[in-house]
There are 2 protein chains.
Amino acid sequence: MRKTKQREAILDELTKLCTHPSADELYGRVKKRLPRISLGTVYRNLETLSREGVIQRLDTAGSQKRFDADTGDHRHIRCIRCGRIDDLAAGADRARCDARVAKGTGYRVLGRRVEYLGVCPACGRKTGRR
Amino acid sequence: MRKTKQREAILDELTKLCTHPSADELYGRVKKRLPRISLGTVYRNLETLSREGVIQRLDTAGSQKRFDADTGDHRHIRCIRCGRIDDLAAGADRARCDARVAKGTGYRVLGRRVEYLGVCPACGRKTGRR
DNA sequence: TCGATAATAGTAATTATTACTGATAATCTA
DNA sequence: TAGATTATCAGTAATAATTACTATTATCGA
Ligand SMILES: [Mn+2]
Ligand SMILES: [Mn+2]
Ligand SMILES: [Zn+2]
Ligand SMILES: [Zn+2]
C-alpha cells in the first residue's frame, strides 16, 4: 500500500471526524484540501484502508455505507430522524442498558437492532469446518 | 388499501417463505403466478404493506432490503457467506446467548451486530419532546 | 536515477430503488 | 347493476450509491 497524498488526506480527515461519515461526506471535506481528487479515489481508498484494517467500514443499516477511523470494538447509536451515528462505550448489560445509553449520549432510546452473524449450516458444510 | 390479485400474490408468496426475501427474489416467485407483473409493483406493494403494518421491512445491513411476513418482535441471524437470514426465538441473554443461538440454528456464531436506535439531542429539541 | 506497477482522474457501467404516465380495474354510490 | 371515482397497474425513465474501466501519473525499491 503506497503512501499518496490523496490517501493521507482521506485518512487524516476521517480521523479528525467523530461523525462516522459516508464516502461522499468525506469527499466534500477532502476536496477542500485536494480540489482535483475524484470521488472514485475516495471510495477506492476507503475500501483499501478497511481491507488493510486501518479503518473500519461500519455494517449499519441505511442506504449509504459509513466509515470509522476507530477500529476498536465499540458500538454505535444512530438517530432514526437524521441518521447521525455516535459512539457508545463498550460493555453494557442489556436491561439497564438503554437507560445508561440514554444518559451517556443524550439520545431518547427507542430500541436496539441486534443481528447475529455466523456461518449457516449449508455454507459450513461446503468448507468442511462447521 | 384495495385488494388486488397482485397484492394478494405478493403477500401470499412472502408468507409462504421463511427466507426473508428481497424485492427481486419475491418478484421472481410472483412472476410464476402472474407473468405480467412488474418489479415496480412488487416494490410498491412491499412499501404499502409495511407502511400498513401487514409485513415488516427488515432494517438489516447489506445492499438490498429484506422483507418479513412475521411482524412479531423477533431477531435474526444472517450468514456472512451467503447472506441467508433465519429467525431466532425472542428472548435470550447475552453471555450464553451465542451458544444457544448456535444450538438452535446450526450456525457457527461469529458475533453479533448491535445498533441502538433513538432520537439524538438535536432532533429531540426540534420537536419539543425529548 | 530509473523501471515496474500501484494509484489516480475522469468517465462509463451497474445495481437497487423510486418516480412518472397513461391505461386498467376495484370499490363506492345512486 | 351501471357509471363515476380513483387506487393501482405495467412499462419505462430517473435517481442514488457504488463499482469498473482506461489512459496517465507518481511512488518507491533496485
Ligand atoms: Mn465509532
Ligand atoms: Mn423473521
Ligand atoms: Zn438526529
Ligand atoms: Zn450460508
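This report covers the DNA contacts, the nonpolar core and selected local features of a predicted model.

## DNA strand C

The surface near DNA strand C takes in 18 residues. A:Arg36, A:Thr41, A:Arg44, B:Tyr43 and B:Lys65 come nearest. Both chains contribute elements. From chain A, α1 (5-16) and α3 (39-51) each supply at least two residues, and so does α3 (39-51) of chain B. Helix α3(A) gives the most, with three residues. By class, the surface holds four nonpolar, seven polar and seven charged residues.

The backbone of the DNA dominates the contact. Sugar or phosphate accounts for 80% of the atoms of DNA strand C within 4 Å of the protein, and bases make up the rest. A backbone N or O atom of A:Arg2 lies 2.9 Å from a phosphate oxygen of this strand. The side chain of A:Gln6 places an N or O atom 3.0 Å from a sugar or linking oxygen of DNA strand C. Chain B takes part through B:Ser63, with a backbone N or O atom 3.5 Å from a sugar or linking oxygen of DNA strand C.

## DNA strand D

DNA strand D is surrounded by 18 residues, the closest being A:Arg2, A:Tyr43, B:Arg36, B:Thr41 and B:Arg44. Of the atoms of DNA strand D that come within 4 Å of the protein, 79% belong to sugar and phosphate. Here α3 of chain A joins α1 (5-16) and α3 of chain B, each with at least two residues on the surface. Helix α3(B) gives the most, with three residues. The class counts are four nonpolar, seven polar and seven charged residues.

Three residues of chain B illustrate the phosphate contacts. B:Arg2 uses a polar backbone atom, 2.9 Å from a phosphate oxygen of DNA strand D. B:Arg44 puts a polar side-chain atom 2.3 Å from a phosphate oxygen of the strand. For B:Asn45, an N or O atom of the side chain is 3.1 Å from a phosphate oxygen of DNA strand D.

## B:Leu39 in helix α3

B:Leu39 belongs to helix α3 of chain B. Its relative accessible area is 31%, so B:Leu39 is partly exposed. Leaving aside residues up to four places away in sequence, B:Leu39 touches B:Ala23, B:Asp24 and B:Tyr27. B:Tyr27 is 12 residues away in sequence, yet the C-alpha atoms of B:Leu39 and B:Tyr27 are 6.1 Å apart.

## The nonpolar core

The largest nonpolar core has 24 residues. Those with the most contacts inside it are A:Ile77, A:Val101, A:Tyr116, B:Ile77, B:Val101 and B:Tyr116. The elements that give two or more residues are β3 (75-79), α4 (97-105) and β5 (108-119) of chain A, together with β3 (75-79), α4 (97-105) and β5 (108-119) of chain B.

B:Tyr116 reaches across to chain A. Among the residues that B:Tyr116 touches there are A:Ile77, A:Leu88, A:Cys97, A:Val101 and A:Val109. Charged residues also feature in this set, including A:Arg75, A:Arg78, A:Asp98 and A:Arg112.

## Strand β3 of chain B

How many residues of β3(B) are buried? Five of its five residues are buried. In a regular strand, side chains alternate between the two faces of the sheet. On one side of β3(B) are B:Arg75, B:Ile77 and B:Cys79, and on the other are B:His76 and B:Arg78. Both faces are covered.

β3(B) pairs with β5(A) in the parallel sense, over four bridges. In β3(B), B:Cys79 stands opposite A:Gly118. Within chain B, four bridges join β3(B) to strand β4 (residues 85-88), and these two strands run antiparallel. B:Arg78 stands opposite B:Ile85 in this pairing. The hairpin of β3(B) and β4(B) has five residues between the strands, and B:Gly83 takes a positive phi near 85° there.

## His20 in both chains

Most residues other than glycine have a negative phi. A:His20 has a positive phi of about 55°. B:His20 also has a positive phi, near 55°.

A:His20 is found in the loop between α1 and α2 (23-33) of chain A. B:His20 is found in the loop between α1 and α2 (23-33) of chain B. Are these residues buried or exposed? A:His20 has a relative accessible area of 2%, under the 20% limit, and therefore counts as buried. B:His20 is buried as well, at 2% relative accessibility.

Note on methods: Residues numbered from 1 in each chain as written. Chains lettered and ligands numbered in written order. Predicted model: local features only at pLDDT ≥ 70, side-chain atom pairs only at ≥ 80, totals over all residues. Heavy atoms only, no water. Near = heavy atom within 4 Å. Polar contact = N/O pair within 3.5 Å; in protein donor to acceptor, adjacent residues only side chain to side chain. Nonpolar A, V, L, I, M, F, W, Y, C, P; charged D, E, K, R; others polar. Buried < 20%, exposed > 50% of the residue type's maximum accessible area, 1.4 Å probe, protein only. Contact = heavy atoms within 4.5 Å. Core = buried A, V, L, I, M, F, W, Y, C linked by side-chain atoms within 4.5 Å. Pairing = 2+ DSSP bridges.
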